[in-house]
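Thanks for coming. I will go through one structure today, one region at a time. Please have a look at it before I start.

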There are 2 protein chains.
Amino acid sequence: MSVKSIRVCLSPALLPYYDFTDTVAVVIDIFRATSSMCYGLANGARAIIPVAEIDECLAYRDTGYLLAAERDGKVVDGFDFGNSPFSYTRDKVEGKTIVLTTTNGTRAIRHCQAADTVVIGSFLNISALTDWLLRQDRHVLLVCSGWKNQFSLEDTVFAGAMTLRLRGTGVPLDDAAIAAQSLYLEAREDLDAYMTRSSHSERMRYLNIGKDIAFCLRENVVNVVPVLQGDQLVSSEALQPVS
Amino acid sequence: MSVKSIRVCLSPALLPYYDFTDTVAVVIDIFRATSSMCYGLANGARAIIPVAEIDECLAYRDTGYLLAAERDGKVVDGFDFGNSPFSYTRDKVEGKTIVLTTTNGTRAIRHCQAADTVVIGSFLNISALTDWLLRQDRHVLLVCSGWKNQFSLEDTVFAGAMTLRLRGTGVPLDDAAIAAQSLYLEAREDLDAYMTRSSHSERMRYLNIGKDIAFCLRENVVNVVPVLQGDQLVSSEALQPVS
C-alpha cells in the first residue's frame, strides 16, 4: 500500500499551477473548518455542503438544512453557527445536512474540484485519513487553505505530518512537502507551543477561542474520512456499497 | 537600526495578496537569476534590465546591450547567455548593460513594482543586503521566485536566513517568515547537502550545472545591493549622490 507521489500546495491561490491527473486532493484548514467537518460527520451529520460565498449559503434557507457561516474567525450575523467544532456535536448535527461557508477552507474545496477525488484532513482524523490514502495508489496533493490566500503555519505543519505518515521508499516529494515535513518534525514535540507562534492562532486567541484550538490539535478523535461527492461532503463509509 | 516587519511571499503568484505600503520587496531566485544579477553588477555591469518575456528581450537587439535568456534551466537558442553566474564575470560584463529574462526571477521582479523599492537578494550579497535593509526602517517583504509559481526550497531557506539576520526584539514576522527561519536553522549546518534535497537542485544537477549551484550558495562574495530604478537594476552605490 502506497501513494505515487506527495505534493503540498501552500495556498489555494496556487492551485492553478498543479496537475490534478490521477490525484486525490486533501483539503486542510486546521483552525477550524476541516476539523469541524470531520467532527460533524463523525457525529452523525448526514452531509456537509461547502460553499464559497455567504449568498450561496443563504440560498439554502427554508430547506431544513443547518446554515453555518464564518468570516474572519467569527460567526456571521444571522447564521445558526460558524466553524467552531463545538457547534458540531452529536446533539446538534445528527441526521442533519449542514451548509457551510468559511473564510478559507470551503473556498479551497471549491477550487479543488478538478481533482479525481477531494477528501478532508485534520488532526482529528489523521490516522483514518492516512489508512484511506494508502489504499488509493494515486498521487496525493495536500492543499493548505491558509489565511486569505497566504501561507499558514498550522495547515502546513499538518501537511508535514501527513507527508511523514504517507511517504515510503522512493515516493517522490515536491519541495513544499520536504519543507512541510521539516516543520512538522520541529513542531511535533509540543504542537500547542509551536502553534502559539502562528499568526492565525494569535488571531484566534484574540477571539477567545483557545479551547477550539486545543481541540483541533487532538489526534484521532474520529474515524471518518469526509469525501466530496457532487457538491456534498459525506463520510467515506457512506460511500461503500452495502454488502 | 531595524525593520518594521518581515513577511515572506512564497510564490510570485501570491503577490496580489500582499500590502506593499512602506515596503521594500527583496526578490530572491537563488538558483540562479538573482545570484547572477548580484555577481554581474559587482563585476562592473552598468545595469541589468529584467524583462518577463523572451520577446521583450529580443526588442533590445541592435542596441549594443547583452541579451540573456533562460528557460527551464537552459540558455534560449540564439541568445548570448542565460543565467549562469559564470557568464557574469568582469571580462564579460564590465561597462555593459544586460537585458535578462528568466523562467522565474525576472517575472517576480516585474510583479513587485507596486513596492516602494525593489532590491535583489542572494547568498552572494547577504551581508551587504542585511546592512542596507536595516538602514531603511521599513517593512520588508522577502519574495521567493519559486519554480513556475510553485514553492522552492532554496529561495525559502534564503528568506529564512534573511529573517534571522533582520529580526530584532518585537519585529513582527508572518507565518511564512517563521517557517522560513525554521527551515534555514535546519539547513545551515550543511547548506549544500540540504539543497541537494530540493527538486530544483535535482533539475539543475540533471543539467550538469553543479558548479553553478555550489557558487550560488557561497556567502558574501560581493558587496553590492542591486536596486530597481525605473526598469533597470543598478548597484545601490550608483544611486548615492557623489559627495
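I start with a helix. The buried residues of α1 of chain A are A:A33, A:T34, A:S35, A:S36, A:M37, A:C38, A:Y39, A:G40, A:L41 and A:A42. A residue is called buried if 20 or more other C-beta atoms lie within 10 Å of its own, exposed if 12 or fewer, and partly exposed in between, with the C-beta atoms placed from the backbone. Helices (H or I, at least four residues) and strands (E, at least two) are DSSP runs, numbered from the N terminus. Helix α1(A) covers residues 33-42, and 10 of the 10 are buried, so the helix is largely enclosed by the rest of the structure.

Now the housekeeping. This is a predicted model, in which local features need pLDDT of at least 70, side-chain atom pairs count only at pLDDT 80 or more, and totals for chains, interfaces and linings use all residues. Residues are numbered from 1 along each chain as its sequence is written, and chains are lettered from A and ligands numbered from 1 in the order in which they are written. The pLDDT is the predictor's confidence in each residue, from 0 to 100. Chain A averages 92, and 95% of its residues score at least 70. For the complex, the predictor gives an ipTM of 0.93 and a pTM of 0.94.

Back to the helix and its ends. Before α1(A), in the loop that follows β2 (23-28) of chain A, sits A:R32. The peptide bond between A:F31 and A:R32 is cis, with omega about 10 degrees. Chain B has a cis bond between B:F31 and B:R32, where omega is about 10 degrees. B:R32 is in the loop between β2 and α1 (33-42) of chain B. Most residues other than glycine have a negative phi, and most peptide bonds are trans. After α1(A) comes A:G44, with a positive phi near 95 degrees.

Which residues does A:L124 touch, leaving out those up to four places away in sequence? They are A:S35, A:C38, A:Y39, A:R218, A:V221 and A:V222. Touching, or being in contact, means that two C-beta atoms, placed from the backbone, lie within 7 Å. A:L124 itself is in the loop between β7 (117-121) and α5 (126-134) of chain A. With 28 other C-beta atoms within 10 Å, A:L124 is buried. A:L124 and A:C38 are 86 residues apart in sequence, yet their C-alpha atoms are 7.1 Å apart in space.

Two other loop residues of chain A have a positive phi. A:D62 is not a glycine, but its phi is positive, about 65 degrees. Its loop runs between α2 (54-58) and β4 (66-71) of chain A. Is A:D62 buried or exposed? It is exposed, with 6 other C-beta atoms within 10 Å. A:D137, also not a glycine, has a positive phi of about 55 degrees. A:D137 lies between α5 and β8 (139-144) of chain A, and with 11 C-beta neighbours inside 10 Å it counts as exposed.

Next, a strand in chain B. In a regular strand the side chains alternate between the two faces of the sheet. In β2(B), B:T23, B:A25 and B:V27 point one way, B:V24, B:V26 and B:I28 point the other way, and all are buried. Six of the six residues of this strand, 23-28, are buried, so β2(B) is largely enclosed by the rest of the structure. Strands count as paired if DSSP finds at least two bridges between them. β2(B) runs parallel to β8 (residues 139-144) of chain B, and six bridges join them. Opposite B:T23 in β8(B) stands B:H139. β2(B) also pairs in the parallel sense with β7 (residues 117-121) of chain B, over five bridges. There, B:V27 has B:I120 as its bridge partner.

Last, the two chains together. In total, 23 residues of chain A are in contact with 23 residues of chain B. On the side of chain A that touches chain B, α6 (153-166) and α7 (175-187) each supply at least two residues. α7(A) gives the most, with seven residues.

How do the α7 helices pack? α7(A) and α7 (residues 175-187) of chain B meet at an angle of about 85 degrees, with their axes 10 Å apart. Axes are lines fitted to C-alpha atoms, for helices over the stretch in contact, and angles run from 0 to 180 degrees between N-to-C directions. That makes the two helices roughly perpendicular (65 to 115 degrees; under 35 is roughly parallel, over 145 roughly antiparallel, and the rest oblique). The contact involves A:A179, A:S182, A:L183 and A:E186 of α7(A), and B:A179, B:S182, B:L183 and B:E186 of α7(B).
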